[in-house]
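The exercises below are to be worked through with the structure in view. Each one sets a task and then gives a solution in steps.

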Amino acid sequence: MVDLTGTDRAIRATHRQPLFSTSADRGWAQRFRLATQDVIDGFVLWRLCWALGVADVRLRYRGSVLGPFWLTLSTAVMIGAMGFLYADLFHTNIHTYLPYLGVSLILWNFLGSMVLDAGSCFTGADGLIKGTRMPFTVHALRSVVRDGIVFGHNIIVIFLLFIFFSVHVSFYCLLAIPGLLLWLIDGFALAFMFGAFCARYRDVPQIIGSLMQIAFFVTPVMWNASVLAGHPRAELIIRLNPFYYLLEIVRGPLIGDPLTFNMVAKAVIVSLVLVLVSALAFARTRGRLAYWM
Amino acid sequence: MTHLSSFNISVDFPLYHSDNRSLKKSVLGAAAGRFGIDRNQRPVVQALRDISFTLRSGDRLGLIGPNGSGKTTLLRALSGIYQPASGTLSIEGKLTSLLDSTQGMNMELTGRENIRLRGLFLGMRKPDIARLESDVESFAEIGEFIDLPVRNYSSGMIVRLAFAMATAAQPEILLMDEWIMAGDTAFLEKAKRRVETMVRHADILVLASHSSAIIAQWCNRVIWLEHGKILADGRPLDVFSEYLPPEQFKELIGSVRMAPPIAEVGSAERLQASD
């Protein structure tokens with residue numbers, strides 16, 4: 001429909017008439033209401049979040065021949081090299097160790113990248129945040145989408161490993177999917193919490209980076225948790241390690257280790273705590289974020 | 001009904017990344033000026049103080065004032081980007097803010113990809129995005145550059161693209177900072193016509209600028225900001241007669257005669273003339 005002045009009114013008619021009001025901070029009721037609204041508005045814009053995440057990955061590899069499949073290739077090369085080295089060092093059978101290491105590393109990279117990217121999800125979008133009113137949820141989702149896409153490319157390596165070493169694959173593997181969904185929720189929550197924290201305190205990203213290095217070594221990624229059996233002191237480092245539970249609920253189904261109720265419950269508890277803390281952090285900081293850019 | 005009202009809005013910028021103690025001393029020492037202490041005893045810059053005004057359909061507000069008087073901050077606060085330290089803002093209507101020319105654009109993506117992202121941000125589906133794309137393309141007139149990464153654009157081209165994107169989606173409230181002046185004369189004329197059409201739909205424009213000629217042409221109300229406070233609020237020429245030195249004001253009167261201001265809503269003659 002074109003109106004008198006020749007403008008296409010149909011473009012305007014496509015979206016609803018918004019009513020917007022904001023006011024000075026009035027305490028937690030208002031904070032939670034605004035934070036909830038932000039999350040709802042952000043999910044309504046899921047197409048935008050997806051497009052932004054895809055663009056991030058594509059831009060990183062624009063102009064290269066393999067494109068994002070460089071991710072796949074470099075992961076495969078790393079796992080291959082490390083697998084042979086460590087199998088030799090630890091005197092383990094390469095046929096069982098390499099699939100274990102491959103799955104663990106790829107999953108860890110996904111988890112780790114969500115933790116690390118969470119810190120920059122708001123500071124990296126400062127132009128958008130200061131330029132227009134957009135739900136902060138968009139930036140959090142964008143970072144999860146980006147890491148998810150990278151992980152998607154790496155899944156190919158897992159398939160290749162399973163085929164190459166003829167690992168027994170069954171429907172039990174599909175139980176990894178609910179675990180991965182839980183990870184996505186965790187990544188989303190982390191983005192709010194670390195994103196806000198890193199925007200306010202600019203040293204935090206470096207601290208998170210160092211802590212993740214340590215987490216990598218104290219979590220059974222390259223080694224198997226069973227080596228700690230019988231050493232109660234040493235076992236503490238995995239019993240108190242939230243990453244261990246999160247990693248195990250996805251890795252277990254993939255490599256055919258049984259999932260215990262205990263493990264799943266702990267992973268869910270870790271996630272619940274994370275979501276609650278993030279909700280508090282986001283409600284508290286949402287109105288201040290733009291000032292911290 | 002489209003409206004925008006700001007009631008006693010104040011905005012404070014916390015001074016985080018600085019030495020708090022010595023700063024506090026100097027802040028407390030400075031009796032006047034714009035430094036202050038917020039509720040939590042942190043030093044702040046008082047960017048805006050008790051800004052109140054109401055805009056209704058057809059209002060085109062110009063913001064004037066020296067550098068650092070709070071024009072851009074006010075635009076950001078009106079966009080809902082900064083939650084105010086006190087006061088209330090209420091808006092009815094679709095709002096687009098053009099605060100800096102590259103805002104919201106990803107410099108590595110092509111113009112077309114940026115238009116698509118904007119469409120998604122506005123909640124559009126494929127057919128609408130296609131329409132948005134062709135509208136922006138024809139208005140911006142940047143030719144084949146539309147398919148090149150934005151970082152290869154000249155600043156004038158970025159302005160064209162940004163303005164086209166912001167106005168193609170037909171905002172009911174448009175907030176613009178002065179960077180729009182980076183466009184050439186032909187583009188400014190075109191932009192003015194577009195704003196004119198917009199305003200005919202009985203919408204709201206808020207424009208911050210140092211160019212009194214542009215403000216006098218585009219706006220029918222002017223707010224003069226100084227040190228974050230409203231110093232004067234009224235019809236453009238009334239405010240300018242106070243704001244500008246006499247000889248510059250005379251020049252302005254001359255230039256207004258050369259290029260008449262945007263027509264008032266409902267002015268029958270101009271509607272016919274452009275149809």
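**Exercise 1: Helix packing in chain A**

In this predicted model, the axes of helix α7 (residues 136-164) of chain A and helix α8 (residues 176-200) of chain A come within 9 Å and cross at roughly 135°. Classify the angle between α7(A) and α8(A), then treat α8(A) and α11(A) in the same way.

*Solution.*

Step 1. Two packed helices are described by the angle between their axes and the distance between the axes.

Step 2. Angles over 145 degrees count as roughly antiparallel, and 65 to 115 as roughly perpendicular. The crossing at roughly 135° therefore makes α7(A) oblique to α8(A).

Step 3. The crossing of α7(A) past α8(A) is right-handed. Residues in the contact include Phe136(A), Ala140(A) and Phe151(A) of α7(A), and Leu184(A), Gly187(A) and Phe192(A) of α8(A).

Step 4. Helix α11 (residues 242-255) of chain A packs against α8(A) with the axes 8 Å apart and an angle of about 155°. α8(A) and α11(A) are therefore roughly antiparallel.

Step 5. Here the crossing is left-handed. Among the contact residues are Gly179(A) and Trp183(A) of α8(A), and Leu246(A) and Pro253(A) of α11(A).

**Exercise 2: A sheet from two chains**

Find the order of the five strands in the open sheet that includes β1(A), and say which strands stand at the edges.

*Solution.*

Step 1. The order is β1(A)-β5(B)-β1(B)-β3(B)-β2(B), with antiparallel pairing.

Step 2. β1 (19-23) of chain A and β2 (35-37) of chain B each have a single partner strand, so one side of each has no neighbour in the sheet. From one strand to the next, the twist averages 30°.

Step 3. The link between the chains consists of five bridges from β1(A) to strand β5 (residues 86-92) of chain B. Within this pair, Thr22(A) has Leu89(B) as its bridge partner.

Step 4. Helix α2 (residues 71-79) of chain B lies across β1 (3-14), β3 (43-56) and β5 of chain B, at about 65° to β3(B).

**Exercise 3: The six-stranded sheet of chain B**

Trace the open sheet of six strands in chain B and state how its strands pair.

*Solution.*

Step 1. The order is β6-β7-β8-β4-β9-β10, and the pairing is mixed. β6 and β10 (229-234) are the edge strands, each with a single partner, so one side of each is left free of a neighbour in the sheet. The average turn between neighbouring strands is 15°, direction ignored.

Step 2. Strand β6 (residues 95-98) of chain B runs parallel to β7(B), joined by four bridges. Leu98(B) is paired with Met176(B).

Step 3. β7(B) also pairs in the parallel sense with strand β8 (residues 204-208) of chain B, over four bridges. Here Leu175(B) has Val206(B) as partner.

Step 4. In contrast to these parallel pairs, strand β9 (residues 221-226) of chain B and β10(B) are antiparallel, with five bridges. Glu226(B) stands opposite Lys229(B).

Step 5. In a regular strand the side chains alternate between the two faces of the sheet. On strand β7 (residues 173-176) of chain B, Ile173(B) and Leu175(B) on one side and Leu174(B) and Met176(B) on the other are all buried.

**Exercise 4: Looking for disulfides**

How many disulfides are there over all chains?

*Solution.*

Step 1. A disulfide needs two cysteine sulfur atoms within 2.5 Å.

Step 2. The cysteine sulfur closest to that of Cys49(A) belongs to Cys121(A) and is 11 Å away, too far for a bond.

Step 3. The count over all chains is zero.

Technical notes
Residues numbered from 1 in each chain as written. Chains lettered and ligands numbered in written order. Predicted model: local features only at pLDDT ≥ 70, side-chain atom pairs only at ≥ 80, totals over all residues. Heavy atoms only, no water. Pairing = 2+ DSSP bridges. Axes fitted to C-alpha atoms, helices over the stretch in contact; angles between N-to-C directions. Contact = heavy atoms within 4.5 Å. Buried < 20%, exposed > 50% of the residue type's maximum accessible area, 1.4 Å probe, protein only. Parallel < 35°, antiparallel > 145°, perpendicular 65-115°, else oblique. Left-handed = near helix turned anticlockwise from the far one by under 90°.
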